[in-house]
Amino acid sequence: MDEIGEVFSYYSNIEVAAIKLSGKLKIGDKIKIKGHTTDFEQKIISMQIEHEQVSEASSGDEIGIKVSEKVRKGDKVFKVK
């Protein structure tokens with residue numbers, strides 16, 4: 001598994017994680033989010049940059065994704081191979 005980003009914010013009302021990417025990510029990729037109390041995997045089904053739908057994003061981008069569980073600032077994001 002390669003680390004591809006870090007959560008910098010979480011919007012509980014809409015269950016969206018804001019992630020600063022350090023690698024590439026695209027729709028269909030499977031990710032793992034891991035932190036002190038966070039540990040789950042999910043598939044990317046939609047992704048936004050500045051409220052615009054995108055199909056892929058790369059290092060340096062700040063994306064928003066819908067998450068199935070609560071995440072916390074500082075949680076690491078990994079791409080599952």
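Q: Before we look at the side chain of Thr 38, what counts as a polar contact?
A: A polar contact is a pair of N or O atoms within 3.5 Å, and within protein one of them must be able to donate a hydrogen and the other to accept it. Please keep in mind that this is a predicted model.

Q: Okay, so which side chain does Thr 38 make a polar contact with?
A: The partner is the side chain of Arg 72, and the polar contact between the two side chains is 3.1 Å.

Q: And where is Thr 38 placed?
A: Thr 38 belongs to the loop between strand E4 (30-34) and strand E5 (39-43). Once its neighbours within four places in sequence are set aside, Thr 38 is in contact with Ile 33, Lys 70, Val 71, Arg 72 and Asp 75.

Q: Is Thr 38 buried or exposed, and why?
A: Thr 38 has a relative accessible area of 2%, and because buried means under 20%, Thr 38 counts as buried.

Q: Let's switch to Val 7. Which strand holds it, and what does it touch?
A: Val 7 lies in strand E1, which covers residues 2-11. Not counting residues up to four places away in sequence, Val 7 touches several residues, among them Ala 18, Ile 19, Ile 33, Val 71 and Arg 72. Val 7 is buried, with a relative accessible area of 1%.

Q: New topic: how much space lies in the largest pocket?
A: The largest pocket holds about 370 Å³ of space. It is lined by 17 residues, and those closest to its centre are Val 16, Gln 48, His 51, Ile 63 and Gly 64.

Q: Which strand gives the largest share of that lining?
A: That is E9, with 5 residues. By class, the lining of the largest pocket has 9 nonpolar, 5 polar and 3 charged residues.

Q: What about salt bridges, how many are found in the whole structure?
A: A search of the whole structure finds 8 salt bridges. In one of them Lys 20 pairs with Glu 62, where the closest N and O atoms are 4.0 Å apart. This pair links distant parts of the chain, since Lys 20 is in strand E2 and Glu 62 in strand E9, 42 residues apart.

Q: And which residue does Lys 30 meet in a salt bridge?
A: The side chain of Lys 30 meets that of Glu 41, at 3.3 Å from N to O. Lys 30 lies in strand E4 and Glu 41 in strand E5, so their pairing ties together parts that are 11 residues apart in sequence. Lys 30 is partly exposed, at 40% relative accessible area, and Glu 41 also counts as partly exposed, at 38%.

Methods:
Residues are numbered from 1 along each chain as its sequence is written. This is a predicted model: local features need pLDDT of at least 70, side-chain atom pairs count only at pLDDT 80 or more; totals for chains, interfaces and linings use all residues. Side-chain values use heavy atoms; hydrogens and water are left out. Helices (H or I, at least four residues) and strands (E, at least two) are DSSP runs, numbered from the N terminus. Buried means under 20% relative accessible area, exposed over 50%, partly exposed in between (1.4 Å probe, protein chains only). Contact means heavy atoms within 4.5 Å. On a 1 Å grid over the protein atoms alone, a cavity is a set of points where a 1.4 Å probe fits but cannot get out, and a pocket is an open set with protein on both sides within 12 Å along at least five of seven lines; lining residues have an atom within 4 Å of a point. Grid points are joined across faces, edges and corners, and a volume is the space filled by probe spheres set on the points. Ala, Val, Leu, Ile, Met, Phe, Trp, Tyr, Cys and Pro count as nonpolar, Asp, Glu, Lys and Arg as charged, and the others, Gly among them, as polar.
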